[in-house]
Amino acid sequence: MKSIKVLMLCCFALLSTASLAQRDFSQVEITTHRLADNLYYLKGAGGNIGVSVGEDGVFLIDDQFAPLTEKILAAIQVVTDQPVRFLFNTHHHGDHTGGNQNLGKAGVVIVAHENVRVLLKNGLTSGDLDRLLTADQRAGLPVLTYTDSVRFHLNGENIHAFHNGPGHTNADSFVHFQNANVIHTGDVFRTTGYPFVDGNASGSFLGIVASYEMLLEISNPDTVFLPGHGVPSSQDDIREQLDMLYTIHDRVQAGINGGLSLGRIQSDNPTAEYDARWAGGKVKGPDLVTVIYNELISNFRQKMRREI
Ligand SMILES: [Zn+2]
């Protein structure tokens with residue numbers, strides 16, 4: 001039952017304050033899973049949390065929901081007696097950043113791609129006026145931001161966080177633990193359903209495809225990919241999804257090339273053989289087809305305008 005709840009919540013940050021308030025987090029259990037020496041991930045409700053531990057302190061990736069912060073910190077203290085020094089947000093969605101304010105107020109340094117800060121701040125105030133934010137609100141925002149990549153040197157590990165362009169959102173980071181050979185992919189890669197492109201945050205289907213290709217290039221057969229939601233995966237798992245995305249993309253492109261409308265393409269059901277495995281989350285087959293269609297049509301029209 002819990003896993004169904006988690007699936008339903010996965011990565012959709014548009015949860016209203018009201019629905020969050022109604023949600024009972026008291027029954028959520030945080031479980032700890034080992035990925036490598038000194039590297040763990042935590043499951044609970046929301047995105048998978050990465051935890052790198054050692055004598056230099058704790059490096060945390062994402063923090064689920066605010067009511068879970070105490071439980072998350074308690075779980076971390078089981079595997080280390082060191083304090084949390086850094087929190088890295090893979091993107092801005094509320095099931096990955098809900099605990100930010102709690103941790104920021106406790107003195108944890110929050111780091112993210114610069115667009116994470118923009119998107120989180122846009123949810124608090126309009127314009128660019130940091131001075132309109134309260135101290136509590138500022139505590140939940142990244143205090144250190146980067147644009148292309150940033151490295152952390154902690155606990156003998158090289159932690160390389162980088163942005164590969166728009167995908168799930170325009171603020172995605174991958175976090176590569178280069179010694180442990182583990183990559184936290186945020187929600188760009190998930191094993192719980194079709195990829196989700198957040199149009200409100202300038203996400204991109206083609207960007208997700210490009211990111212999968214890049215992940216394969218920088219990894220090897222022993223690399224472990226920790227998805228934003230779901231279970232640790234291998235290159236083969238990324239390839240399986242990538243092949244599916246190529247196929248669906250090509251079917252939608254063929255429909256566009258043939259002058260078919262979105263409705264007509266959807267009626268041909270380009271995701272048919274994949275729905276049983278991947279349509280169990282919030283993104284159904286027709287949703288994915290719509291996203292792909294709109295992006296391909298938009299690119300086609302831009303190309304036409306340039307050529308005119
Ligand atoms: Zn997300």
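Biologist: Where in this predicted model does Val118 sit?

Modeller: Val118 belongs to helix α6, which spans residues 114–122.

Biologist: What makes Val118 partly exposed rather than buried or exposed?

Modeller: The relative accessible area of Val118 is 42%. Buried would need under 20% and exposed over 50%, so Val118 falls in between and counts as partly exposed.

Biologist: Which residues of α6 are buried, then?

Modeller: Those are Val116, Arg117, Leu119, Leu120 and Lys121. Their cover includes β5 (84–89), α4 (94–97), α5 (100–105), β6 (109–113) and β7 (144–146).

Biologist: And how far is Val118 from Ser267 in sequence and in space?

Modeller: The two are 149 residues apart along the sequence, and 38 Å separates their C-alpha atoms.

Biologist: Let's turn to the domains. Which domains does the assignment give?

Modeller: Domain 1 runs over 2–233 and domain 2 over 237–308. Their C-alpha centres lie 28 Å apart. On the contact between them, domain 1 places 22 residues and domain 2 places 27 residues.

Biologist: Which residues have the most contacts inside the largest nonpolar core?

Modeller: Tyr194, Tyr212, Ile248 and Val252 do, in a core of 35 residues. Helices α8 (205–217), α9 (235–257), α10 (262–267) and α12 (285–307) each contribute at least two residues to this core.

Biologist: How do you know where this core lies relative to domain 1 and domain 2?

Modeller: Residues of the core come from both domain 1 (2–233) and domain 2 (237–308), so the core lies between them.

Biologist: What does Ile248 touch, leaving aside its neighbours within four places in sequence?

Modeller: Ile248 is in contact with Tyr194, Pro270, Thr271, Tyr274, Leu288 and Ile292. Apart from the core just described there is another one, of 21 residues, including Leu42, Phe65, Ala75 and Ile110.

Biologist: Now for empty space. How many cavities of 30 Å³ or more does the structure hold?

Modeller: It holds one. The largest cavity contains about 30 Å³ of space. Its lining is made up of Leu35, Leu39, Gly50, Ile61, Phe177, Val182, Ile183, His184 and Leu226. Strand β11 (residues 182–184) gives the largest share of that lining, three residues.

Biologist: How does that lining divide into nonpolar, polar and charged residues?

Modeller: Seven are nonpolar, two are polar and none is charged. Since Asp, Glu, Lys and Arg are what counts as charged, you can check this against the lining residues, where Gly50 and His184 appear. Gly is among the residues counted as polar.

Biologist: What is notable about the phi of Asp62?

Modeller: Phi of Asp62 is near 70 degrees, which is positive in a residue other than glycine. Asp62 sits in the loop between β4 (58–61) and α3 (69–79).

Biologist: Why is Asp62 called buried, given that cut-off?

Modeller: Its relative accessibility is 0%. Buried means under 20%, so Asp62 qualifies as buried.

Biologist: Which value does phi take at Ser202?

Modeller: Phi of Ser202 is near 55 degrees, again a positive value in a residue other than glycine. The loop between β11 and α8 is where Ser202 lies.

Biologist: What makes Ser202 buried, partly exposed or exposed?

Modeller: Ser202 has 44% relative accessibility. The in-between class takes what is neither under 20% nor over 50%, so Ser202 is partly exposed.

Note on methods: Residues are numbered from 1 along each chain as its sequence is written. This is a predicted model: local features need pLDDT of at least 70, side-chain atom pairs count only at pLDDT 80 or more; totals for chains, interfaces and linings use all residues. Side-chain values use heavy atoms; hydrogens and water are left out. Helices (H or I, at least four residues) and strands (E, at least two) are DSSP runs, numbered from the N terminus. Buried means under 20% relative accessible area, exposed over 50%, partly exposed in between (1.4 Å probe, protein chains only). On a 1 Å grid over the protein atoms alone, a cavity is a set of points where a 1.4 Å probe fits but cannot get out, and a pocket is an open set with protein on both sides within 12 Å along at least five of seven lines; lining residues have an atom within 4 Å of a point. Grid points are joined across faces, edges and corners, and a volume is the space filled by probe spheres set on the points. A nonpolar core is a set of buried Ala, Val, Leu, Ile, Met, Phe, Trp, Tyr and Cys residues joined through side-chain atoms within 4.5 Å. Domain bounds come from an automatic or database domain assignment. Contact means heavy atoms within 4.5 Å.
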